Amino acid sequence: ADAAAAGQLGAARAVLARELSLAEIAAASAVPGLRTEVFVQGALCYSVSGRCLLSSWVGGRSGNRGACTSPCRVPWSVAGESAGTPLSMRDLAAVHRLDDLRRAGVAALKIEGRLKNADWVRRAVGLYRRALDGPARDPQVLLGEAAALGDYTGRTMTCAYLDARREELTGAAAGRAAAEGFSPPEANEPEDYGESPEPSDQPTSIAAAATYDLDISVGPRSVECRCTCGGRTETWTIPKTVVRRAHKAVAVGSLLEHLATIPLQGCRLDRGTTNDPEFLLVARASNALVDRISAALRLARKPADDLVRIVLPKSVLTVLDKSPRHPENHRSLGDPPDRARLEASAVAAFLQEVRPEGGLIVEGVLPGRLDRLLAACGRVPVVVALPQVFFDEDLPAVRDLVGQCARAGVTVEVNSWGAWHLARQSGAPMESGPGLPVLNTLAARSLGELGIRGVTLSPEADRRQYEDMTAYCSVPCSLVVFGRPPLMTTRVRVPDEHLGKLFADRRGTRLIPRRERGLVVYRPESPFDLRATANDRIHVAHLVVDLVGSPDPVGEWYDRPQRKAFRFNYDRSLA
């Protein structure tokens with residue numbers, strides 16, 4: 001369904017998720033008019049491709065936007081006991097399976113070359129070129145060469161997903177599975193979530209007339225930065241990071257002293273202040289902070305007449321034109337929530353206490369239970385949420401549910417392009433949910449043009465993005481103001497004894513896995529909460545309280561919001 005949607009949207013080629021089996025790859029490759037591309041060498045994600053919020057949750061760096069800091073690869077404890085690296089995936093190597101991929105109809109192979117040096121890319125491309133063009137070679141010889149490509153990570157190799165095998169795929173399994181032709185090397189997992197090298201020496205002379213002020217305020221959960229130059233003020237937050245190598249870290253006071261000796265964008269630091277000069281930043285965080293200051297100064301100092309003027313075609317201008325805000329977007333952040341998101345099993349008990357004005361979004365509805373759900377809801381509006389992730393084996397049930405909703409006139413929430421394709425075929429009314437998140441007004445408008453009557457703003461967005469999006473959003477939009485979002489959704493086989501248990505890392509991230517519709521979903525132990533946040537520059541049609549995974553849906557709906565609650569990326573700048 002996803003591949004068919006890609007073709008309908010005009011794509012000539014689709015890159016398939018790395019979690020697919022050969023049979024699923026063959027099904028996608030059989031979609032008429034669409035060519036498929038498949039990853040064959042590189043890293044694997046623990047979460048289903050494109051469905052991970054963990055890096056964004058712990059530090060505002062979105063894996064879905066290419067900025068993942070790999071927080072899954074660090075050691076974790078389970079129920080208070082050390083568990084090694086149960087979320088750190090092995091690396092992918094499929095050089096010995098190219099004939100299988102060819103028979104499955106794959107048109108192109110993809111090698112993950114990000115963050116690799118030129119020599120690695122040369123060796124990887126050369127290996128696959130020889131495997132494609134040369135005579136048949138011993139698979140073990142090919143695997144041996146591929147293993148050498150993984151030396152930089154210290155992780156064993158696998159192609160188990162191709163055979164629909166989902167066991168022994170992570171670091172916790174290292175040493176038990178040499179059946180794939182590799183002996184497990186010593187683990188070499190990153191610390192401090194990808195710490196960068198120390199910054200290089202910079203000029204120490206100052207020849208700048210312009211000045212800027214910088215304040216770095218260390219709070220209980222994050223560090224707030226405020227940079228003022230030329231009447232323009234930029235504010236942002238960075239996460240507090242665990243410092244395990246203090247000799248490589250930089251104290252905030254020392255950083256301010258260093259900034260006072262160097263020019264940035266032709267500006268010198270006039271006033272640098274902080275409430276905690278001894279607070280330590282890992283090198284990666286301090287480098288990123290200097291980069292962010294430099295970017296803020298560059299924007300502040302750029303004269304308007306220095307901007308490059310480009311004459312755009314009328315068709316492009318039409319697309320970029322700012323539309324008036326939809327009249328249904330009249331609620332402001334800080335108003336009482338009007339919608340609840342629930343699991344189907346929790347609806348009846350919830351409605352005995354609460355009947356939200358904006359209705360319910362219901363997950364986990366089975367095709368044969370729609371009539372019972374509608375009867376329980378009565379006059380309360382219902383939106384049936386389709387799953388964010390489903391595979392070919394799930395298609396009959398999803399298609400059946402969508403057809404029933406269409407016949408009953410019930411709106412479905414589409415959370416993937418495959419779900420959009422099925423809903424469009426059936427004629428069911430559609431909204432888009434967190435699985436098709438919106439980060440700009442063009443995306444919202446485009447979804448509206450594809451038949452979607454309402455959109456959901458990305459839970460990853462920050463304050464400024466929410467303000468910018470809702471100022472000109474031409475379709476009704478929803479903002480989730482409370483919830484435990486699915487941080488990872490995985491196809492990896494998770495031991496039953498781990499389900500429902502607390503996963504924790506040394507940084508304080510706390511997750512609880514549970515089975516949801518055949519997959520395992522990791523949700524945070526504690527929710528984010530924007531209900532106590534007031535902002536009359538954010539205008540939406542619905543303010544949604546997500547109670548999926550809640551231990552007490554009614555109690556949490558009525559909970560008094562805390563002003564010091566975790567607010568996800570609202571106070572950060574999404575990277």
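This passage looks at the nonpolar cores, a surface patch and the aromatic pairs of the structure shown above. The model is a predicted one, and the description moves from the inside to the surface and then to the rings.

In soluble globular proteins, nonpolar side chains tend to be buried together. Here, the largest nonpolar core contains 90 residues. Within this core, the residues with the most contacts are Leu360, Leu373, Val384, Val414, Leu479 and Tyr522. Leu360 is a good one to find in the viewer. Leaving aside residues up to four places away in sequence, Leu360 touches Ala340, Leu342, Val347, Phe350 and Leu351, and also Cys377, Val380, Pro381, Val382 and Val383. Another core, of 33 residues, lies apart from the largest one. Among the members of this other core are Ala14, Ala93, Ala104 and Leu127.

Nonpolar residues also appear on the surface. Ile310, Leu312, Val316, Leu317, Leu320 and Leu442 form a nonpolar patch there, and together they have about 510 Å² of accessible area. Helix α9, which covers residues 314-320, gives the most to this patch, with 3 residues. Leu312, another member of the patch, sits in the loop that runs between α8 (283-301) and α9. The relative accessible area of Leu312 is 34%. That value falls between the 20% limit for buried and the 50% limit for exposed, so Leu312 counts as partly exposed.

The rings come next. In total, the structure holds 9 aromatic pairs. In one of them, the ring centres of Phe528 and Phe568 lie 5.7 Å apart and the planes meet at 50°, so the pair is tilted. This pair links distant parts of the chain, as its two residues are 40 residues apart. Phe528 belongs to strand β26 (residues 528-529), whereas Phe568 is found in the segment after α16 (553-558). Phe528 has a relative accessible area of 3%, so it is buried. Phe568 counts as buried as well, because its relative accessibility is 3%.

Phe568 also pairs with Phe566: their ring centres are 6.4 Å apart and their planes stand at 40°, so this pair is tilted. Phe566 has a relative accessibility of 13% and therefore counts as buried. To complete the picture, ring pairs link Phe528, Phe566 and Phe568 with Trp57 into a cluster.

Key. Residues are numbered from 1 along each chain as its sequence is written. This is a predicted model: local features need pLDDT of at least 70, side-chain atom pairs count only at pLDDT 80 or more; totals for chains, interfaces and linings use all residues. Side-chain values use heavy atoms; hydrogens and water are left out. A nonpolar core is a set of buried Ala, Val, Leu, Ile, Met, Phe, Trp, Tyr and Cys residues joined through side-chain atoms within 4.5 Å. Buried means under 20% relative accessible area, exposed over 50%, partly exposed in between (1.4 Å probe, protein chains only). Contact means heavy atoms within 4.5 Å. Patches are made of residues with over 30% relative accessible area and no salt bridge: like charges are joined within 9 Å, nonpolar side chains (Val, Leu, Ile, Met, Phe, Trp, Tyr) within 5 Å. Accessible areas come from the Shrake-Rupley method with a 1.4 Å probe; for residues, only the protein chains shown count as cover. A salt bridge is a side-chain nitrogen of Lys or Arg within 4 Å of a carboxyl oxygen of Asp or Glu. Helices (H or I, at least four residues) and strands (E, at least two) are DSSP runs, numbered from the N terminus. Rings of Phe, Tyr and Trp (its six-membered ring) pair if their centres lie within 6.5 Å; planes under 30 degrees apart count as stacked, over 60 as edge-to-face and the rest as tilted.
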